[in-house]
Amino acid sequence: MNVIKTTQDLADACLHLSSHDFVTVDTEFLRESTFWPKLCVIQMAAPDAAFIVDALADELSLEPFFELMRDTSTVKVFHAARQDIEIIHHMGGLIPAPLFDTQVAAMVCGFGDSISYDQLVYKVTGARIDKSSRFTDWARRPLTKKQLDYAMADVTHLRDAYQFLKANLAEQNRSHWVEDEMTVLTSEKTYRTEPDEAWQRLKMRVRKPVELAVMIEVAAWREREAQTRDVPRSRVLKDDAIYEIAAQQPQSPDALGQLRTIPRGFERSKHADEILKAVRRAVALPKDALPKLPKGRAAPDGSAAAVDLLKVLLKMVSETHGVAAKVIATVEDLEKIAADDTADVAALKGWRRELFGEVALKLKRGDVALAFRGRQIVALDQVPAEGKSPSVPQAAE
């Protein structure tokens, strides 16, 4: 099996792939010791060819690959695309377009929530994929035959999965449903790592605005430092240390050194000085400039029961129409619908409203009831006569 190691060979391969309507793509990378994923291998396939690219080869520029990713005449097919796109966005400054994620499409086609690649391939083609090489060292050279076979299978079987799902979506008139779901994957915001927003990754273990201000400042410093040094966040400063710094607000090296989460001697380092400056900036903020503590969602009285009913309805709709529940509505969506008929949620817009939202609102109003028939949950119309108790439910159309 030939592995592409030169720019010219990569350019030739990408030229061939660009002549097709679609190309399947996957990557192998390492991230245990870096902030940014370290790209090691790229796999690509079209209906008549498949290629493996050694992304670490000395004589290789990935520009032909990035050009292929920019080519809007060829659909780029991934499975669970987010991490692959993150790599492409970081290294090439672009998001592949047009994009098709078979995991998302599979959810729309009734394969359940977040189906794995090997499970999807087995259900579509009956082929079994050996996943034992998944967590091998992809940076070590030479790559073994077992690694290469595994890498190749990740894009060759993907061709069959894509064509099956594409046909299934067209048959059910659901292609536009998947296009709606691609919005998050194709948004630049999804792949930006803004230091000032890094605190949102942390658990809310603060109780006062000043503690939150310290956490925001220290988390932003850690994010910038991790990105600059290209090391995991925990190598710079552990989460528990940020929580303790936010609570204690040390403003001197001695005070910082007293914290149990700070390694011995750290208080004498240049990083300690930067952390102390971050703490001082936060503590010095005027009271009216301090950040507000995020408020938890307070459920209106009686809404918990409504949410429970909506969950049952969602499960019924999901099973009836063969669409993963998480694609139709989230728990947060259900909570907002329970509280407000005009909630600004995806479940009350577009195809989701047609599939679920309208009947959800009817359920809230009492125009629809849920019943158990033949081992299945069904929705039944309720049409009470004026001034009388509701009549026996009639099956909803």
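Start by selecting proline 98, which sits in the loop between helix H3 (82–92) and strand S6 (99–101). Keep in mind as you look around that this is a predicted model. Show the backbone here and you will find a cis peptide bond joining alanine 97 and proline 98. Its omega is about -10°. That is worth a pause, as most peptide bonds are trans.

**Next stop: glutamine 103**

Move along the chain to glutamine 103, which belongs to helix H4. Is this residue buried or exposed? Its relative accessibility is 18%, so glutamine 103 counts as buried, the cut-off being under 20%. Now display its surroundings. Leaving aside residues up to four places away in sequence, glutamine 103 touches His79, Ala80, Ser114 and Ile115.

**One of those neighbours: serine 114**

Pick serine 114 from that list of contacts. You will find serine 114 in the loop between helix H4 (102–108) and H5. What is the phi of serine 114? The value is near 50°, which is positive in a residue other than glycine. Most residues other than glycine have a negative phi. As for its surroundings, serine 114 has a relative accessible area of 34% and is therefore partly exposed.

**Helices H5 and H6**

Now select residues 117–125 for helix H5 and residues 145–171 for helix H6. The two pack at an angle of about 55°, and their axes are 10 Å apart. H5 and H6 are therefore oblique to each other. Turn the view until one helix lies over the other: H5 passes H6 in a left-handed crossing.

Which residues in H5 meet H6? Show side chains for Tyr117, Leu120, Val121, Val124 and Thr125. Across from them, H6 contributes Ala153, Asp154, Val155, His157, Leu158, Asp160, Ala161, Phe164 and Leu165. Colour this contact by residue class and you will have ten nonpolar, two polar and two charged residues.

Between these helices, take a look at proline 142, which lies in the loop between H5 and H6. Here is another cis peptide bond, joining arginine 141 and proline 142, with omega about 5°.

**Past the end of H6: asparagine 173**

Go on to asparagine 173, in the loop between H6 and helix H7 (175–185). Asparagine 173 is not a glycine, yet its phi is positive, at about 55°. Switch on a surface and check this position: with a relative accessible area of 58%, asparagine 173 is exposed.

**Last stop: residues 208–289**

Select residues 208–289, which UniProt lists as "domain: HRDC" in an unreviewed entry. How much of this span is helix, and how much is strand? The span is 66% helix and 0% strand. Put a distance label between its end C-alpha atoms and it should read 13 Å.

Inside this selection, highlight helix H9 (residues 209–229) and helix H13 (residues 270–283). Their axes come within 8 Å and cross at roughly 145°. The crossing of H9 and H13 is right-handed. On the H9 side, display Val210, Ala213, Val214, Glu217, Val218, Trp221, Glu225 and Arg229. They meet His271, Glu274, Ile275, Ala278, Val279, Arg281, Ala282 and Val283 in H13. By class, this contact of H9 with H13 holds ten nonpolar residues, one polar and five charged.

Methods
Residues numbered from 1 in each chain as written. Predicted model: local features only at pLDDT ≥ 70, side-chain atom pairs only at ≥ 80, totals over all residues. Heavy atoms only, no water. Axes fitted to C-alpha atoms, helices over the stretch in contact; angles between N-to-C directions. Helix = DSSP H or I, 4+ residues; strand = E, 2+ residues; numbered from the N terminus. Parallel < 35°, antiparallel > 145°, perpendicular 65-115°, else oblique. Left-handed = near helix turned anticlockwise from the far one by under 90°. Contact = heavy atoms within 4.5 Å. Nonpolar A, V, L, I, M, F, W, Y, C, P; charged D, E, K, R; others polar. Buried < 20%, exposed > 50% of the residue type's maximum accessible area, 1.4 Å probe, protein only. UniProt positions renumbered as here; feature names shortened; annotations may be inferred.
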